[in-house]
Amino acid sequence: MELGKDSTLATGLRKVTSVKGISSSKHWSMKENLIEKLLLAFTLLSSILIFFIIFFVISRGFPVLQASGIHFLTTGGWDKQFTTAWLAGAKQNVATFGALPLISGTFYTTLGALLVAVPFGLGCAIFLTEMCPAWLRKPLESAVRLLAAIPSVIYGLIGLIVIVPFIARNFISNEMALKMIKICALDGTSLLAGIIVLSMMIGPVFITLSSDALMAVPRRYKEASIALGVSHWRTITRVMLPVARKGIMTGAILATGRAIGEAIALSMVAGSVANLPSPAHGLVFFLEPVRTLASTIVDNAEGMGVVSCESALFACGSLLLLSSVMLSVLARLVSSRVSREVR
Amino acid sequence: MANINRNLTGHAACWFSGVLTLTICLSIIVFLIIKGANVISWQFLTENPQPSLQEALSGGILIPIIGTILLVGLGTLFAFPWALATAIYLSEYGGDNQWVNSLRAGIDVLAGVPTIVFAIFGLAIFTHPGLSYFSTMVEGVANAKAFGRSFLVSAFTMAMMVLPFVTKSMEEAIRAVPQTYKEAAYAIGISKWRTIYKVVLPAATTGIITGIILGVGRIAGDTAIVWLCLGGSMSMTGPQPWWIPQNWLDTMQNTGSTLTSYVYYSSPAGEGNSPNKAFGAGLVLIIIILALNSLVDYLGKFTRVKEG
């Protein structure tokens with residue numbers, strides 16, 4: 001190991017005794033201090049960034065949030081309002097917007113995807129950690145990880161080429177489309193397609209995290225249970241799942257965050273119409289097009305530059321940001337140590 | 001009897017979901033390979049995209065590949081020093097007190113922010129005229145305004161997006177360096193920073209590289225930021241020819257195309273409707289990301305062996 005030219009054993013020994021680097025050499029301690037301050041500055045920058053983003057996004061969205069008030073959350077008509085605001089351009093000050101269709105679109109797609117991905121994902125995680133034949137385990141694991149790494153735009157592409165035409169061919173009849181024509185066009189891009197694509201995207205994330213959690217259950221817990229004559233299945237449900245509960249819940253929360261924030265894939269397959277699907281329509285509900293908050297920002301990005309449109313997009317951004325912050329806090333509450341790494 | 005039934009149902013359900021997942025994974029992968037491999041040829045990889053509605057005439061993906069490489073390079077350039085400095089502070093100087101943990105919490109929350117929020121944030125910040133150096137000025141409008149879309153802007157936004165992930169990975173790597181290494185260095189009289197610089201960082205190199213590669217994978221695969229902050233053009237919009245050194249800076253200040261925006265543009269959702277080309281570009285992108293992932297795996301194994 002190379003020693004610094006100006007370092008002597010004496011200063012070194014003094015350094016050991018004084019941890020924070022108070023050394024005899026003035027020049028040294030100044031340099032050390034400077035470096036520490038510099039590193040601290042970078043660190044502060046990284047942790048203040050989130051506050052700056054929250055402040056900036058909400059302050060940009062504030063005009064629309066203020067003008068619309070509670071109606072932003074409870075009324076619809078986004079597409080029309082957006083076009084009006086866009087055409088009015090700079091003449092109009094701030095328009096009111098109603099984002100209810102977007103919020104419910106986000107809610108339905110996320111909830112649907114969770115209802116599909118969490119049970120299947122948990123089953124798959126149990127299969128992966130407990131039942132899988134040894135030769136199958138490695139390939140299955142790498143396949144799941146590969147799926148987690150595929151960019152969202154490619155899921156969107158697959159959805160648009162495979163799933164959307166499939167839905168259009170098999171579930172949508174001409175009469176149905178005619179009946180709905182006053183409300184929305186049924187062309188296969190739908191809530192259902194959004195849910196399918198989204199659950200394919202968040203499934204791998206959830207499987208990876210929950211199988212990690214199951215894998216981390218100490219072996220002796222399982223052995224003790226088996227030794228008592230408890231069946232394998234009962235051991236899984238009564239011993240392993242409760243122990244791994246925290247990790248599994250964290251996985252579900254992270255998957256929810258990813259589902260809420262997904263923009264590109266959903267703007268491709270879910271229809272890109274700010275339509276409020278109504279459960280009153282029966283099963284057609286699932287075939288109606290929806291648009292989420294995140295995909296609205298992508299679809300209406302050309303509105304950036306027109307003050308009220310931009311503010312409306314930032315209002316959507318504020319809702320997304322608030323929900324993501326809340327999920328992060330929730331994840332922290334659920335487990336003190338959150339592993340955010342999903343490779 | 002009821003117990004046995006429940007056991008059977010449980011096992012069957014787990015087997016079913018496992019096999020279903022495997023089937024879906026395999027079919028997606030096989031589907032992408034078959035669809036993509038039909039299109040990929042030397043010509044496809046080395047021709048520029050052409051604006052054409054006819055799929056046969058729409059050219060190749062050379063510009064998007066270069067765009068992805070450029071964006072990844074710039075993004076890493078911004079993210080690497082920032083993340084490394086943060087990781088060093090958090091692991092070596094910070095300690096484990098309330099104050100440092102609140103700094104960590106801020107970075108953790110950043111990890112959950114959707115990329116689309118970063119995208120509008122970046123776009124709006126960089127339209128500020130004071131930051132016009134990152135992109136170009138908009139000509140002919142009353143209020144001075146920057147365009148806010150360029151390689152530099154997207155790279156910086158990407159850097160903010162990957163920062164928490166890269167920092168976390170690097171911090172873990174630095175923490176994993178045995179305490180004895182540091183003690184040995186202190187004992188022979190080396191200052192704290194010099195110890196970090198000469199002993200800790202070299203020992204943590206593989207972990208740090210792993211962090212960078214994770215960031216690279218995320219940058220290469222992100223679409224939302226590219227679509228908003230780089231736009232959907234299919235060519236380099238800076239002065240031509242863009243590859244001569246005098247124009248490099250201008251190229252970076254202007255917009256271009258990456259593989260992800262090419263896939264979006266060429267999909268039926270975009271303007272250039274040529275889905276086969278989109279699958280080709282998608283397969284190239286997946287191969288790049290797959291290669292990066294295996295590199296991470298390889299480095300991970302290498303570190304474990306060295307430590308063990």
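pLDDT is the predictor's confidence in each residue, from 0 to 100. The model shown here is predicted.

**Figure 1. Confidence along chain A of the predicted model.** Where is confidence lowest in chain A, and where is it highest? The lowest value falls in helix 1 (residues 9-17) of chain A, with a mean of 47. The highest falls in helix 9 (residues 191-215) of chain A, at 92. Residues 1-24 of chain A have a pLDDT below 50. Beyond near neighbours in sequence, that stretch still has 35 contacts in the model. Residues 338-343 of chain A also have a pLDDT below 50. For this stretch, the contacts beyond near neighbours in sequence number 18. Where pLDDT is low, the predicted coordinates should not be read in detail. Over the chain as a whole, the mean pLDDT of chain A is 82. In chain A, 87% of the residues reach 70 or more.

**Figure 2. Chain A, a chain of 15 helices and zero strands.** Chain A has 343 residues, and 48% of them count as buried. Take the contacts in chain A between residues at least 6 apart in sequence. Of these, 77% join residues at least 24 apart.

**Figure 3. Helix 4 against helix 15 in chain A.** Two packed helices are described by the angle between their axes and the distance between the axes. Here the pair is helix 4 (residues 78-88) of chain A and helix 15 (residues 307-334) of chain A. Their angle is about 145°. Their axes lie 7 Å apart. Which residues meet? Helix 4 of chain A brings A:F82, A:A85 and A:W86. Helix 15 of chain A brings A:S308, A:C309 and A:A312. By class, the residues of this contact are five nonpolar, one polar and no charged.

**Figure 4. Helix 12 of chain A, end to end.** This helix covers residues 245-261 of chain A. How far apart should its ends be? At 1.5 Å a residue, its 17 residues should span 24 Å. The end C-alpha atoms are 24 Å apart, so the expected span and the model agree. Of the 17 residues of helix 12 of chain A, 14 are buried. The helix is therefore largely enclosed by the rest of the structure.

**Figure 5. Chain B, a chain of 13 helices and zero strands.** From the N terminus on, each element of chain B is an α element. The C-alpha trace of chain B spans about 70 × 65 × 35 Å along its principal axes. Chain B has 308 residues, and 52% of them count as buried. Among its contacts between residues at least 6 apart in sequence, 69% join residues at least 24 apart. The average pLDDT of chain B is 84. In chain B, 93% of the residues score at least 70.

**Figure 6. Two domains in chain B.** Domain 1 of chain B runs over 1-37, and domain 2 of chain B over 45-307. Taken over C-alpha atoms, their centres are separated by 35 Å. How many residues does each domain give to the contact? Domain 1 of chain B gives five residues, and domain 2 of chain B gives five residues. On the side of domain 1 of chain B, these are three nonpolar, one polar and one charged.

**Figure 7. Helix 4 of chain B and its buried residues.** Helix 4 of chain B covers residues 98-111. At 1.5 Å a residue, its 14 residues should span 20 Å. The end C-alpha atoms are 20 Å apart, which agrees. Which residues of helix 4 of chain B are buried? They are B:L103, B:R104, B:I107, B:D108, B:V109, B:L110 and B:A111.

**Figure 8. The surroundings of B:F78 in helix 3 of chain B.** This helix covers residues 62-94 of chain B. Is B:F78 buried, exposed or partly exposed? A buried residue needs 20 or more other C-beta atoms within 10 Å, and an exposed one has 12 or fewer. B:F78 has 18, so B:F78 is partly exposed. Leaving aside neighbours within four places in sequence, B:F78 is in contact with B:A155, B:F156 and B:A159. B:F78 and B:M160 are 82 residues apart along the chain, and their C-alpha atoms are separated by 8.7 Å.

**Figure 9. The contact between chain B and chain A.** Chain B gives 82 residues to the contact, and chain A gives 82 residues. Which helix supplies the largest share of the chain B side? That is helix 1 (residues 2-37) of chain B, with 19 residues. By class, the chain B side has 54 nonpolar, 22 polar and six charged residues. For the complex, the predictor gives an ipTM of 0.87 and a pTM of 0.86.

Methods: Residues numbered from 1 in each chain as written. Chains lettered and ligands numbered in written order. Predicted model: local features only at pLDDT ≥ 70, side-chain atom pairs only at ≥ 80, totals over all residues. Helix = DSSP H or I, 4+ residues; strand = E, 2+ residues; numbered from the N terminus. Expected span 1.5 Å × (residues − 1). Contact = placed C-beta atoms within 7 Å. Nonpolar A, V, L, I, M, F, W, Y, C, P; charged D, E, K, R; others polar. Axes fitted to C-alpha atoms, helices over the stretch in contact; angles between N-to-C directions. Domains from an automatic or database assignment.
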